[in-house]
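Q: Could you take a close look at one part of this model for me? I'd like to know how a single residue sits and what surrounds it.

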Amino acid sequence: MVQVTKDMTIGEILSINQNVAPVFYAMGMHCLGCPASQGETLEEAAWVHGIEPDRVEKEINDYLAAHPDENSEAGL
């Protein structure tokens, strides 16, 4: 199973499963298409938006665990 970590970039996470975008959006992280966000780590992006990085990491991993058939082979 794929596991996201706080040191992964937003771009890496989206390449694993672009369907996690709504998880980011639900937390107020709407700048996923911004070029800068592609190189920003999950931890950096969370802090910029005033969100606890562990919470974002957990919610994304929960989504990935619930939808393993959606994960890109590039992320496996």
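What follows is a walk around Asp7, and then the chain as a whole.

A: Sure, with the ground rules up front. This is a predicted model in which local features need pLDDT of at least 70 and side-chain atom pairs count only at pLDDT 80 or more, while totals for chains, interfaces and linings use all residues. Residues are numbered from 1 along each chain as its sequence is written, and side-chain values use heavy atoms, with hydrogens and water left out.

Asp7 lies in the segment before α1 (10-16); helices here are DSSP runs of H or I with at least four residues, strands are E runs of at least two, and both are numbered from the N terminus. Asp7 counts as exposed because its relative accessibility is 59%, the cut-offs being over 50% for exposed, under 20% for buried and partly exposed in between (1.4 Å probe, protein chains only).

As for company, the side chains of Asp7 and Thr5 make a polar contact of 2.3 Å. That term means a pair of N or O atoms within 3.5 Å; within protein, one must be able to donate a hydrogen and the other to accept it, and residues adjacent in sequence count only if both atoms are side-chain atoms. Glu44 is 37 residues from Asp7 in sequence, yet their C-alpha atoms are 8.5 Å apart.

Zooming out, the chain has 5 helices and 0 strands, running α-α-α-α-α along the sequence. Of its 76 residues, 42% are buried. The C-alpha atoms fill a box of roughly 30 × 25 × 20 Å along the principal axes.
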